[in-house]
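Reader: I would like to learn how to read a structure of this kind, feature by feature. Could you give me the general idea each time, and then the case at hand?

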Amino acid sequence: MSEHFDVHGGARLVGEVEVVGAKNSVLKLMAAALLAEGTTTITNCPQILDVPLMADVLRSVGCEVKLDGDTAHITTPSELSHRADSPAMGKLRASVCVLGPLVGRLKKAVVALPGGDAIGSRPLDMHQNGLRKLGATSTIEHGCVVAEADGLHGAQIWLDFPSVGATENILMAAVLAEGTTVIDNAAREPEIVDICTMLTEMGAKIEGAGTSTLTVQGVESLHPTEHRVIGDRIVGATWAFAAAMTRGDLTVTGVNPHHLELVLEKLRLAGADVTTFDGKGFRIVQPERPRSVDFVTLPYPGFATDLQPFAVALSSVSEGTSMITENVYEARFRFIEEMVRLGADARTDGHHAVVRGVEKLSSAPVWASDIRAGAGLVLAGLCADGVTEVWDVFHIDRGYPHFVENLNRLGARIERVATEPERA
Ligand code: UD1
């Protein structure tokens, strides 16, 4: 049985919505729990599908994991298995983040290649090269990354690109390596700062979190901690775009507005009134039709590639023409094909898209290809004439806790419908 959403057009979203912990942080923090024997507690966990999947990944290497509402208790034994090749591995990208901790602790890991969103090529060369610099061998064998070392030692590592996942894996191996590791051109995302904070609470010695250079002084061992996940800036931004697109008035709490500075600035340029509440959230009011704005995706603090579908969706209903440039994941423009079904005037050329805003979109059946594309289609459906069917909503469930409930509470009309899809 597959599910779809019936999204009724013509909504104006008004009210307050709370954002919980970040998907792209919690999954890595769960992996970090492998680094310390004992029980690590993680709070403010989002209730999304990927959290129990990651729990299964950890169980498969020997951990006991208890999920209790928004809290995860992870008990890591002294003896872990180095093989992480359970079926859960292939269902999410973040599963690959057990590689660094397993190599760090056991000096050996066999980790199934991860799954996750089909948003373009997602190689692991930088993860592997980083581990090699730390003294491990790394190959791909029978669908798994295999890494092995006699001992790990500190090294100078330059990343070709500030990859989030490679920074995390190298960091989690380096905290238990002997000596000093310097990761240059490291990712600077708030989720990287979050994992550095947690690792530091566990006894790791890390300097430079949030900058391009991370310096890690290896320690003998780490201890468990209790850590609260940072608010999900991508979900927070989704609500900001939802307000702008529906000419609404939303107060969004539970997210640090400093993590969204560029996003909120773009929405101000589109005509929104934005007020921020230090460290806590923001209010966004869109009094009239949005004006077109250009967007360029880049690693943080640039405009996040995960928000590109929302940039396209907003541009589709804005006054004027927008240019959107995708620099991180080439296949993310697949979303535009679905937007065209909804009447968007959009075309792509390489990694640029040109979107001419239309007064109103027109409802149609559409298919979510990944988490953010799915949420983007729901927002577009709110601005379309009639009822838009959004299919493959399991993608949305992987990233947005209580999405439909929240939208309905804020003034939208959306039903979750269980049926078999019929695609023409
Ligand atoms: C994470 C996020 C994802 C987000 C992305 C970029 C998670 C679970 N996912 O993914 O939502 O869109 O950051 O902000 O946190 N690359 C290589 N070789 C490597 C690693 C990456 O070429 O070894 C390339 C990728 O193909 C991509 C770019 O680097 O073009 C960025 O990828 P990366 O930052 O690693 O993304 P993820 O950590 O997979």
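Author: Let us begin at the start of helix α5, where a side-chain oxygen of Ser 163 reaches to within 3.5 Å of the backbone nitrogen of Gly 165. A polar contact is a pair of N or O atoms within 3.5 Å; within protein, one must be able to donate a hydrogen and the other to accept it, and residues adjacent in sequence count only if both atoms are side-chain atoms. This is a predicted model, in which local features need pLDDT of at least 70 and side-chain atom pairs count only at pLDDT 80 or more, while totals for chains, interfaces and linings use all residues. Residues are numbered from 1 along each chain as its sequence is written, and side-chain values use heavy atoms, with hydrogens and water left out.

Reader: How are helices and strands assigned, and why is helix α5 described as largely enclosed by the rest of the structure?

Author: Helices (H or I, at least four residues) and strands (E, at least two) are DSSP runs, numbered from the N terminus. Buried means under 20% relative accessible area, exposed over 50%, and partly exposed in between (1.4 Å probe, protein chains only). Helix α5 spans residues 164–174, and because 10 of its 11 residues are buried, the rest of the structure largely encloses it. Among the buried residues are Gly 165, Glu 168, Asn 169 and Met 172.

Reader: Which residues are closest to the ligand?

Author: A residue is near a molecule or strand if one of its heavy atoms lies within 4 Å of it. Here 19 residues surround the ligand, and the closest are Lys 28, Asp 125, Ser 163, Asp 306 and Val 328. Gly 165 appears again, since a polar backbone atom of this residue is 2.8 Å from an oxygen atom of the ligand. A polar backbone atom of Met 126 is likewise 2.8 Å from a ligand oxygen, and an N or O atom in the side chain of Asn 24 is 3.1 Å from an oxygen atom of the ligand. The protein covers 88% of the 740 Å² of accessible area that the ligand has on its own, with areas taken from the Shrake-Rupley method with a 1.4 Å probe; for residues, only the protein chains shown count as cover.

Reader: How should I read a sheet, and in what order do the strands that include β6 lie?

Author: Strands of a sheet pair through backbone hydrogen bonds, either parallel or antiparallel. Two strands count as paired if DSSP finds at least two bridges between them. In this open sheet, 4 strands follow the order β6-β7-β9-β8, with mixed pairing. Its edge strands, each pairing on one side only, are β6 (83–84) and β8 (137–141). Strand β6 pairs with β7 (residues 108–112) in the parallel sense over 2 bridges, and Ala 84 has Val 111 in β7 as its bridge partner.

Reader: Which helix lies across β8 and β9?

Author: Contact means heavy atoms within 4.5 Å. Axes are lines fitted to C-alpha atoms, for helices over the stretch in contact, and angles run from 0 to 180 degrees between N-to-C directions. Helix α4 (residues 125–133) lies across β8 and β9 (144–148), at about 145° to β8.

Reader: What is the strand order in the open sheet that contains β1, and which strands are at its edges?

Author: The order is β23-β25-β1-β26, and the pairing is again mixed. The edge strands are β23 (365–367) and β26 (413–419), each paired on one side only. Strand β1 (residues 2–8) runs antiparallel to β25 (residues 387–391) over 5 bridges, with His 4 and Trp 391 as bridge partners. Helix α11 (residues 371–382) lies across β1, β23, β25 and β26, at about 35° to β1.

Reader: How would I describe the surroundings of a single residue, for example Thr 238?

Author: One starts with its element and its accessibility, and then lists its contacts. Thr 238 lies in helix α7 (residues 233–245), and at 1% relative accessibility Thr 238 counts as buried. Leaving aside neighbours within four places in sequence, Thr 238 is in contact with Phe 310, Ala 375, Leu 379, Tyr 400 and Phe 403.

Reader: Is Glu 191 buried or exposed?

Author: Glu 191, which lies in helix α6 (residues 190–201), counts as buried at 6% relative accessibility. Not counting residues up to four places away in sequence, Glu 191 touches Ala 22, Asn 24, Ser 25, Ile 230 and Arg 233.
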